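Biologist: I have the model open and would like one close look at the aromatic rings, followed by what lies around them and elsewhere along the chain. Please take me through it in one go.

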Amino acid sequence: CGCFFVSIITKITSHIAIVSCALENIANGNLTEAPIIQNGHGETARCSRYVYEVWSKISKLIAEIEAMASAHQAGYINTRLNTQDLTGTYLTMAQHVNSMIQDHISLTLRMLNLIDQYTAGDFEQQFEELPNQRAVISTRMHEVRETLRKAAQAAQEQIRIKSALDYCSTNIMIAAPDGCIVYMIHSEQR
């Protein structure tokens, strides 16, 4: 009779040790091996099934993140985490990741749109002021706008000067500091 109880306690302890080991692996981020699902209808078997479900959901979420990261590295920046099979906090986490990615992509596209406008000579719009650590982006975009605006003004000035020189009635020769002639017009060419 005593051996029977020892056998039951040993079996229960063994099942609890398996579940405990699986939980420890999950807690430590070791998800390489699937937890063992115990057969039966008892509490330890039920706990092992729940541990397996937790491991499975976390593993799927990590696989989705890895697939999305690979897609982004390959240039497919519209790739998002698939949230279809997620529930609860797993769904909330994935939605937050997707939202964060969308925010970064939207920010990048706004920057590129403004740079396109600036390179086309339209300096009317300014980049919005971003808070905290993102403020450096606003600062750099303002610097880009100002640098391109000044370059466009300088180019316009150079065009006016060249146009005036082209219609000058005297001989003109302009040389770079190294002596190379960069512009020349002879009045008899007219």
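Modeller: Gladly! Y118 and F123 are both buried. Keep in mind that this is a predicted model. Searching the whole structure turns up 2 aromatic pairs. One of them is the pair of Y52 and W55, where the ring centres sit 5.4 Å from each other and the planes meet at 40°, a tilted arrangement. Both of these residues belong to helix α2, which spans residues 43–73, and their spacing of 3 residues is about one turn of the helix. The two partners differ in cover: W55 has a relative accessible area of 13%, which is under 20%, so W55 counts as buried. Y52 has 29%, which falls between the limits of 20% and 50%, so Y52 is partly exposed. Now back to the buried rings: the centres of Y118 and F123 are 5.9 Å apart with an angle of 20° between their planes, and therefore this pair is stacked. The cut-off behind that label is an angle under 30 degrees.

Right beside Y118 in the numbering comes T119, a residue of helix α3. T119 is exposed, because its relative accessibility of 57% lies over the 50% limit. The side chain of T119 comes to 3.0 Å from the backbone oxygen of D116. Following the chain for 32 residues from T119 takes you to A151, and the C-alpha atoms of these two are 10.0 Å apart.

How much confidence goes with this part of the model? Helix α3 (residues 88–119) has the highest mean pLDDT among the elements, 95, whereas helix α1 (residues 2–27) has the lowest, 78. For the protein as a whole the average is 88, and 94% of the residues reach a score of at least 70.

Helix α3 also takes part in a contact with the loop that follows. D103 and R134 form a salt bridge with an N to O distance of 2.6 Å. This pair ties together distant parts of the chain, with D103 in helix α3 and R134 in the loop between α3 and α4, 31 residues away. Both partners are partly exposed, because the relative accessibility is 34% for D103 and 24% for R134. The loop between α3 and α4 is also home to N132. If you check the backbone there, you will find that phi of N132 is near 55°, positive although the residue is not glycine. N132 has a relative accessible area of 72%, so N132 is exposed.

Next comes helix α4, which covers residues 135–166. Which salt bridges should you look at in this helix? The whole structure holds 6 salt bridges, and one of them joins the side chains of E146 and R149 at 2.2 Å, N to O. These two are 3 residues apart in helix α4, which means that about one helical turn separates them. Their accessible areas put both in the partly exposed class, E146 with 27% and R149 with 23%. Further along, R160 and E157 meet in another salt bridge, at 2.5 Å from N to O. R160 and E157 likewise lie in helix α4 with a spacing of 3 residues, about one turn of the helix. The side chains of E157 and R160 are also listed as a polar contact at 2.5 Å. E157 is partly exposed because its relative accessible area, 37%, is over 20% but not over 50%. For a sense of scale, try picking E157 and T92: their C-alpha atoms are 56 Å apart in space, with the two positions 65 residues apart in sequence.

Finally, have a look at the surface after helix α4. There, M173, I181 and M184 make up a nonpolar surface patch of about 300 Å². M173 belongs to strand β1, residues 172–175. M173 just makes it into the exposed class, because its relative accessibility is 51% and the limit is over 50%.

To return to where you asked me to start, the stacked rings are those of Y118 and F123, and the tilted ones are those of Y52 and W55.

Technical notes: Residues are numbered from 1 along each chain as its sequence is written. This is a predicted model: local features need pLDDT of at least 70, side-chain atom pairs count only at pLDDT 80 or more; totals for chains, interfaces and linings use all residues. Side-chain values use heavy atoms; hydrogens and water are left out. Helices (H or I, at least four residues) and strands (E, at least two) are DSSP runs, numbered from the N terminus. Buried means under 20% relative accessible area, exposed over 50%, partly exposed in between (1.4 Å probe, protein chains only). A polar contact is a pair of N or O atoms within 3.5 Å; within protein, one must be able to donate a hydrogen and the other to accept it, and residues adjacent in sequence count only if both atoms are side-chain atoms. Patches are made of residues with over 30% relative accessible area and no salt bridge: like charges are joined within 9 Å, nonpolar side chains (Val, Leu, Ile, Met, Phe, Trp, Tyr) within 5 Å. Accessible areas come from the Shrake-Rupley method with a 1.4 Å probe; for residues, only the protein chains shown count as cover. A salt bridge is a side-chain nitrogen of Lys or Arg within 4 Å of a carboxyl oxygen of Asp or Glu. Rings of Phe, Tyr and Trp (its six-membered ring) pair if their centres lie within 6.5 Å; planes under 30 degrees apart count as stacked, over 60 as edge-to-face and the rest as tilted. pLDDT is the predictor's confidence in each residue, from 0 to 100.
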